[in-house]
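Colleague: I am new to this one, so could you walk me through it? I would like to hear the reasoning behind each label.

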Amino acid sequence: MPDGFQVDLTALDQTGQAISQTIEDMGSKPLGDIDGPSGDYGHAGVHASFKHFCDRWEKALNTLIDDGDTLVQALNASMDSYVEADHAAVQSMRSVGAGSDPAQDAADG
């Protein structure tokens, strides 16, 4: 399309799959156990600070996962829309060529 644009549906699909895989990988590593028992830190304050950090990190990660899910849904919906539009265009072109040519009688004289 010289005057339009093209959408690489394969790239769109691969992007959605890669984001989904990343989300799955992130969700399979629970952060709740990272801080461990307070005795491992030698100081209750250090443990409390690290636990607080892990809790905040987990909340942020959950937000990223939710946003990633939303992004994947939008990519999939976009891809579906492009595929449907392409299919409709093909069907429209086929139906135009399937009928008789109204100019044929004029051309045949």
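Colleague: Thanks! Why is F53 called partly exposed?

Modeller: This is a predicted model, and in it F53 has a relative accessible area of 42%. Buried means under 20% and exposed means over 50%, so 42% falls in between and F53 counts as partly exposed.

Colleague: Where does F53 lie?

Modeller: F53 lies in helix α2. Its C-alpha is 9.1 Å from that of D35, a residue 18 positions away in sequence.

Colleague: How many helices and strands are there in the chain?

Modeller: The chain has three helices and zero strands. Read from the N terminus, the order of elements is α-α-α.

Colleague: Back to F53, then. What makes the pair of F50 and F53 stacked?

Modeller: The two ring centres are 6.1 Å apart, with 25° between the planes. Rings pair if their centres lie within 6.5 Å, and planes under 30 degrees apart count as stacked, so F50 and F53 meet both conditions. Both residues sit in helix α2, three residues apart, which is about one turn of the helix.

Colleague: And why is the pair of F53 and W57 called tilted?

Modeller: Here the ring centres are 5.7 Å apart and the planes stand at 45°. Stacked needs under 30 degrees and edge-to-face needs over 60; 45° fits neither, so the pair is tilted. F53 and W57 are four residues apart in helix α2, so about one helical turn separates them.

Colleague: How do you know whether F50 and W57 are buried, exposed or partly exposed?

Modeller: The same kind of reasoning works. F50 has 27% relative accessibility and W57 has 38%. Partly exposed lies between 20% and 50%, so F50 and W57 both get that label.

Colleague: Which residues form the aromatic cluster?

Modeller: Y41, F50, F53 and W57 form one aromatic cluster. The count of aromatic pairs comes to three.

Colleague: H47 caught my eye too. Why is H47 called buried?

Modeller: H47 has a relative accessible area of 13%. The limit for buried is under 20%, so H47 qualifies. H47 is placed in helix α2, and apart from neighbours within four places in sequence, it is in contact with D35, G36, P37, S38 and Y41.

Colleague: How much of the chain is buried?

Modeller: Of the 109 residues in the chain, 13% are buried. The accessible surface comes to about 8,400 Å², and carbon and sulfur atoms hold 56% of that.

Colleague: Which residues make up the largest nonpolar core?

Modeller: There are nine: L12, I19, I23, L31, L61, I65, V72, L75 and M79. Two elements, α1 (9–27) and α2 (44–98), give two or more residues to this core. The most come from α2, with five residues.

Colleague: What does M79 touch?

Modeller: Not counting residues up to four places away in sequence, M79 touches L9, L12 and D13.

Colleague: One last thing: what share of the contacts with a separation of 6 or more joins residues 24 or more positions apart?

Modeller: That share is 65% in this chain.

Methods: Residues are numbered from 1 along each chain as its sequence is written. This is a predicted model: local features need pLDDT of at least 70, side-chain atom pairs count only at pLDDT 80 or more; totals for chains, interfaces and linings use all residues. Side-chain values use heavy atoms; hydrogens and water are left out. Buried means under 20% relative accessible area, exposed over 50%, partly exposed in between (1.4 Å probe, protein chains only). Contact means heavy atoms within 4.5 Å. Accessible areas come from the Shrake-Rupley method with a 1.4 Å probe; for residues, only the protein chains shown count as cover. A nonpolar core is a set of buried Ala, Val, Leu, Ile, Met, Phe, Trp, Tyr and Cys residues joined through side-chain atoms within 4.5 Å. Rings of Phe, Tyr and Trp (its six-membered ring) pair if their centres lie within 6.5 Å; planes under 30 degrees apart count as stacked, over 60 as edge-to-face and the rest as tilted.
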